[in-house]
Amino acid sequence: MTDIKEKHGWISAKQANSRREKRPISRTGPYKIYLNEKGEEVRITMVSDTKDNHGCNYSDMTYVGIVTQYLRSEY
């Protein structure tokens with residue numbers, strides 16, 4: 001039986017802006033669109049394995065919730 005780990009979504013405008021500056025001509029945007037547990041689309045900038053630690057140093061990082069499925073990237 002496969003262990004399915006929860007994935008947690010986070011959003012940070014500072015992180016999104018940093019990604020835009022580093023990759024201005026990238027085909028994928030800094031925002032990732034995922035489905036949450038309710039089947040609703042949520043916009044995030046990163047995913048972590050834990051709710052307690054996202055591992056980033058952006059001061060505006062906000063917890064969005066558990067995400068279940070990646071859909072697309074956006075600007």
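This report describes the fold, the sheet, the helix and two selected residues of a predicted model.

## Overall architecture

The chain contains 1 helix and 5 strands, and when these elements are read along the sequence they follow the pattern β-α-β-β-β-β. Of the 75 residues in the chain, 32% are buried, while the accessible surface comes to about 5400 Å², with carbon and sulfur atoms accounting for 48% of that area.

Among the contacts in the chain with a separation of 6 or more, 73% are between residues that lie 24 or more positions apart.

## The sheet

The 5 strands form an open sheet, arranged in the order β3-β2-β5-β1-β4, and the pairing is antiparallel. At the edges of this sheet stand β3 (41-44) and β4, each of which pairs on one side only. On average, and with direction ignored, neighbouring strands of the sheet are turned by 60° against each other.

Strand β5 (residues 62-74) pairs with strand β1 (residues 7-11) in the antiparallel sense over 5 bridges; within this pairing, H8 stands opposite I66 in β5, and K7 has V67 of β5 as its bridge partner. Strand β5 is also joined to β2, again with the two running antiparallel, by 6 bridges, and here the bridge partner of Y31 is E74 in β5.

## The helix and its cover

Helix α1 (residues 13-22) lies across β1, β2 and β4, and runs at about 135° to β2. Within α1, the residues Q15, A16 and S18 are buried, and because they cover an arc of only 160° around the axis, they are on the same side of α1. The cover over the buried residues of the helix includes β2 (31-36) and β4 (46-48).

At the start of α1, a side-chain oxygen of S12 comes to within 3.3 Å of the backbone nitrogen of K14.

## T45, a buried loop residue

T45 is placed in the loop between β3 and β4, and it counts as buried because its relative accessibility is 1%, where the cut-off for that class is under 20%. Leaving aside residues up to four places away in sequence, T45 touches W10, I11, S12, Q15, A16, R19, P30 and Y31. One of these residues, Q15, is joined to T45 by a polar contact of 2.6 Å between the two side chains. Q15 is itself among the buried residues of α1, as is A16, which T45 also touches.

## S73, a partly exposed strand residue

S73 is placed in strand β5 and has a relative accessibility of 23%, and therefore counts as partly exposed. With residues up to four places away in sequence not counted, S73 touches T28, G29, Y31 and K32. Two polar contacts of the S73 side chain can be described: one of 3.3 Å with the side chain of K32, and one of 2.8 Å with the side chain of Y70.

S73 and R43 are 30 residues apart in sequence, and the distance between them in space, taken from C-alpha to C-alpha, is 8.9 Å. Y31 appears in the surroundings of both selected residues, since T45 touches Y31 and S73 touches Y31 as well.

Technical notes. Residues numbered from 1 in each chain as written. Predicted model: local features only at pLDDT ≥ 70, side-chain atom pairs only at ≥ 80, totals over all residues. Heavy atoms only, no water. Buried < 20%, exposed > 50% of the residue type's maximum accessible area, 1.4 Å probe, protein only. Helix = DSSP H or I, 4+ residues; strand = E, 2+ residues; numbered from the N terminus. Arc of directions from axis to C-beta. Contact = heavy atoms within 4.5 Å. Polar contact = N/O pair within 3.5 Å; in protein donor to acceptor, adjacent residues only side chain to side chain. Areas by Shrake-Rupley, 256 points an atom, 1.4 Å probe, with all protein chains shown as cover. Pairing = 2+ DSSP bridges. Axes fitted to C-alpha atoms, helices over the stretch in contact; angles between N-to-C directions.
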